[in-house]
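Notebook open, structure loaded. I'll jot things down as I look them up.

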Amino acid sequence: MPANRIKLEPALERRYARKAQRRKSRQIVCKILIVCEGTKTEPNYFEAFKTLNGGTIVYDIDVRGLGQNTTDVVDKAIELKSKGDYDRVWAVFDKDSFSANKFNGAIIKAQNNGIGCAWSNEAFELWYLYHFMNRVTAMSRTEYKRAISEAVNNSPQYKKRKVYEYAKNDKDNYRIMTTYGSMENAIRFAEAKSRAYTDQRYATHNPCTMVFKLVRQLIGKDEELNKELTNKIEE
């Protein structure tokens, strides 16, 4: 049997309706496009942010996984930016085995076209590892899997009997990293390391990831973007 609905007086009902409408009118939608090199790892992670909406600013996140190389990802991001009404557009890709010229060129091209660049050197998994430790030396892609697995298993919060093994395309990676690690630490570690590099030889910046800049926007902690959106609300 459905629960009884309390009937309000017409005047009171109208008052609540007006308040709800005012709250709604104060909200502004922030449209963010994320174009990823991978088809699963990065898209699965960023899709999780769609559940974090609420408050004055509502984030409309569009994630595209291309399965293409660095330059193609940037080119696609530029193309989609010209066709859509986005507040921010991001390209997400790794250094992997791409040449230094191609990697550096893709980043510079993104910057010149107003595209945010959440690149990682060597791999996106560096961002995951930062949830657990401040990694300051380079490591191979195969080493990331072992390091992340060990970090989760050694986390005081991980008390399951089953031994955890990192899976690249696990749709649960966002929850795992934020439950057993710390996103706050990841942002702090990644930002500190990025500031250690002062040139545009991005291919030599290893380890380094700029994913923290994108994540900071998605959780509403980018002061520049927030100010821009707040000004829109007040206009």
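In what order do the 5 strands of the open sheet run? I looked that up first: the order is β2-β1-β3-β4-β5, with mixed pairing. I then checked the edges, and they are β2 (57-65) and β5 (208-209), each pairing on one side only. Note to self: this is a predicted model.

**Whole chain**

I pulled the overall numbers next. The chain has 235 residues, and 43% of them count as buried. I get 10 helices and 5 strands for the secondary structure. Among contacts with a separation of 6 or more, 73% are between residues 24 or more positions apart. The chain exposes about 13200 Å², and carbon and sulfur atoms supply 48% of that area.

**β4 and its partners**

I wanted to know how β4 sits in the sheet. With β3 it pairs in the parallel sense over 5 bridges. One pair I picked out is F93, whose bridge partner in β4 is W119. β4 and β5 run antiparallel and are joined by 2 bridges. There I found S120 with T209 of β5 as its bridge partner.

Why do I call β4 largely enclosed by the rest of the structure? Because 6 of the 6 residues of β4 are buried. In a regular strand, side chains alternate between the two faces of the sheet, so I sorted the residues by side. G116, A118 and S120 are on one side, C117, W119 and N121 are on the other, and all are buried. Both faces of β4 are therefore covered.

**Largest pocket**

Pockets next. The largest pocket has a volume of about 560 Å³. I count on 28 lining residues, with W90, G116, C117, M210 and K213 lying nearest the centre. G116 and C117 came up already, as buried residues on opposite sides of β4.

Which element gives the most to this lining? It is α9, with 4 residues. The elements that each supply at least two residues are β3 (88-94), α4 (100-112), β4 (116-121), α8 (183-194) and α9 (211-218). By type, I have the lining down as 12 nonpolar, 6 polar and 10 charged residues.

**Second largest pocket**

This pocket comes to about 150 Å³. Its lining is Y158, K160, K162, V163, Y164, E165, D170, R175, I176 and Y180. I noted the split as 5 nonpolar, no polar and 5 charged.

**α7 and N44**

I176 and Y180 sent me to helix α7, residues 173-180, where both are buried. The other buried residues I listed for α7 are N173, Y174 and M177. An α-helix has 3.6 residues a turn, so residues three or four places apart point the same way. I made a note of that before going on to the cover. What covers the buried residues of α7 includes α2 (41-47), α5 (125-129), α6 (141-153) and α8.

From there I went to N44, found in helix α2. Is N44 buried or exposed? It has a relative accessible area of 18%, and the cut-off for buried is under 20%, so N44 is buried. Leaving aside neighbours within four places in sequence, N44 is in contact with N169, D170 and K171. D170 also lines the second largest pocket, so I've put a cross-reference here.

Methods. Residues numbered from 1 in each chain as written. Predicted model: local features only at pLDDT ≥ 70, side-chain atom pairs only at ≥ 80, totals over all residues. Heavy atoms only, no water. Buried < 20%, exposed > 50% of the residue type's maximum accessible area, 1.4 Å probe, protein only. Contact = heavy atoms within 4.5 Å. Areas by Shrake-Rupley, 256 points an atom, 1.4 Å probe, with all protein chains shown as cover. 1 Å grid on protein atoms, 1.4 Å probe; cavity = no way out; pocket = protein on both sides within 12 Å on 5 of 7 lines; lining within 4 Å. Points joined across faces, edges and corners; volume = space filled by probe spheres on them. Nonpolar A, V, L, I, M, F, W, Y, C, P; charged D, E, K, R; others polar. Pairing = 2+ DSSP bridges.
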